[in-house]
Amino acid sequence: MKWPQVKTILIALLLLVNALLLSLFLTRQMSSSGILRQAERDVISILANQSVEIAEDVIPPLDLRLPILNNERDSRAELDAVSALLGDVTLQTKGGNIISYTSGKGYAEFRGGGYFEFGLVETADDLNPPTTETVKDTLDNMGFNSNLPEVRSSNTPSGTFFSVIQSINGYNIFNCRAELDYTSANLTNMSGRWILGNTRQSADGVSISPASVLLGMVAELESKNTNIHKIFSMQPGYFAELGAPGVTRLTPVWLIGCDTGEYMVSAETAKLIEP
């Protein structure tokens, strides 16, 4: 048999093998998708039997499970953040894991778990009032990640107040935010909680499916004589809590909106979390 004929046969065989592999892959994907859709219907049915209504489009993908994360305190990142606002500073280590910084421009303190506070000396008024972009630029310069999903602002008697929630990998850390007070155009106070430095996936603990979270929440609320009738929304994210010394643990959670209020539920234990 001549080589051109052999080559044609080999190409045909390769195409046939690829077609078979693609068919197997699509079959598995369809099977997996079908199982998930059935699981969603099962969740709706179980909740309906408990007189709880939830629309199918409210239920997130049942295979969405965020990893548990650990963050080690990074004093270098804290110093960089302080220097961006205060310039050259004098550093003092206090008890209780508190580090304070001072300069002619003001003061700052960082504590374990990402808690911080700044007080700045007012300078000559800028003619331009602060904007969301002003706030993002300030946080960027401090090394605070500025992929900010939520920036709220309100007017105060002396200027403008901004509240910015932190996110990681596209998900909110619901109890970490920076609050900035501007007098006219000057940033005068900033405080809150922000996780700086490197964050790594934890080998400790596993997050559970959104279905288990939903059923756990409903059961716990019923045990507390709170009967919900409708679930409007489910938002995945994180809750920061102190772990081992110098470590902040980011626990996956779901923020669930119901007719009786909004609840934060651990995606590790399916238990309610008090913010």
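**Exercise 1. The enclosed space**

Which residues line the largest cavity? Identify them in this predicted model, and describe the lining by residue class.

*Solution.* Step 1: establish how many cavities there are. A search of the whole structure returns one cavity of 30 Å³ or more. Step 2: take its volume. The largest cavity encloses about 80 Å³. Step 3: list the lining. N71, R73, D74, E78, F110, G113, G114, W194, I195, L196 and T248 line the largest cavity. Step 4: sort these residues by class. The lining of the largest cavity comprises four nonpolar, four polar and three charged residues.

**Exercise 2. The second largest pocket**

Determine which element gives the most residues to the lining of the second largest pocket.

*Solution.* Step 1: note the volume, which is about 210 Å³ for the second largest pocket. Step 2: list the lining, which consists of E150, R152, I165, N172, F174, N175, R177, Q235, L255, E262, M264 and P275. Step 3: assign residues to elements. Two strands, β9 and β14, each supply at least two residues of this lining. With four residues, β9 gives the most. Step 4: classify the residues. Five nonpolar, three polar and four charged residues form the lining of the second largest pocket.

**Exercise 3. The nonpolar cores**

Describe the largest nonpolar core, and state which residues have the most contacts inside it.

*Solution.* Step 1: begin with the chain as a whole. The chain contains four helices and 15 strands, and 39% of its 275 residues are buried. Step 2: recall a general tendency. In soluble globular proteins, nonpolar side chains tend to be buried together. Step 3: examine the core itself. The largest nonpolar core holds 25 residues, and F118, F144, L180 and M190 have the most contacts inside it. Step 4: trace its origin in the secondary structure. Two or more residues come from each of α2 (75-86), β4 (98-103), β5 (106-110), β6 (115-120), α3 (132-142), β8 (159-168), β9 (171-183) and β10 (186-193). The most come from α2, which gives five residues. Step 5: inspect one central member. Leaving aside residues up to four places away in sequence, F144 touches A81, F116, L139, M190, W194 and L196. Step 6: look beyond this core. Another core, of 23 residues, lies apart from it and includes L62, I231, C258 and Y263.

**Exercise 4. Two strand residues**

Is S266 buried or exposed? Is T93 buried or exposed? Justify each classification and describe the surroundings of each residue.

*Solution.* Step 1: locate S266, which belongs to strand β14 (residues 261-266). Step 2: apply the cut-off. S266 is buried because its relative accessibility is 4%, and the limit for a buried residue is under 20%. Step 3: list its contacts. Not counting residues up to four places away in sequence, S266 touches V213, T251, P252, V253, K271 and I273. Step 4: consider its polar side-chain atom. A polar atom of the S266 side chain lies 3.1 Å from the backbone nitrogen of T269.

Step 5: turn to T93, which is found in strand β3 (residues 90-94). T93 is exposed because its relative accessible area is 59%, and the class requires over 50%. Step 6: relate T93 to F110. The two residues are 17 apart along the chain, and their C-alpha atoms are separated by 9.9 Å.

**Exercise 5. Contacts along the chain**

What percentage of contacts between residues at least 6 apart in sequence join residues at least 24 apart?

*Solution.* Step 1: restrict the set to contacts in the chain between residues at least 6 apart in sequence. Step 2: within that set, 57% join residues at least 24 apart.

Notes. Residues are numbered from 1 along each chain as its sequence is written. This is a predicted model: local features need pLDDT of at least 70, side-chain atom pairs count only at pLDDT 80 or more; totals for chains, interfaces and linings use all residues. Side-chain values use heavy atoms; hydrogens and water are left out. Buried means under 20% relative accessible area, exposed over 50%, partly exposed in between (1.4 Å probe, protein chains only). A polar contact is a pair of N or O atoms within 3.5 Å; within protein, one must be able to donate a hydrogen and the other to accept it, and residues adjacent in sequence count only if both atoms are side-chain atoms. Contact means heavy atoms within 4.5 Å. On a 1 Å grid over the protein atoms alone, a cavity is a set of points where a 1.4 Å probe fits but cannot get out, and a pocket is an open set with protein on both sides within 12 Å along at least five of seven lines; lining residues have an atom within 4 Å of a point. Grid points are joined across faces, edges and corners, and a volume is the space filled by probe spheres set on the points. Ala, Val, Leu, Ile, Met, Phe, Trp, Tyr, Cys and Pro count as nonpolar, Asp, Glu, Lys and Arg as charged, and the others, Gly among them, as polar. A nonpolar core is a set of buried Ala, Val, Leu, Ile, Met, Phe, Trp, Tyr and Cys residues joined through side-chain atoms within 4.5 Å.
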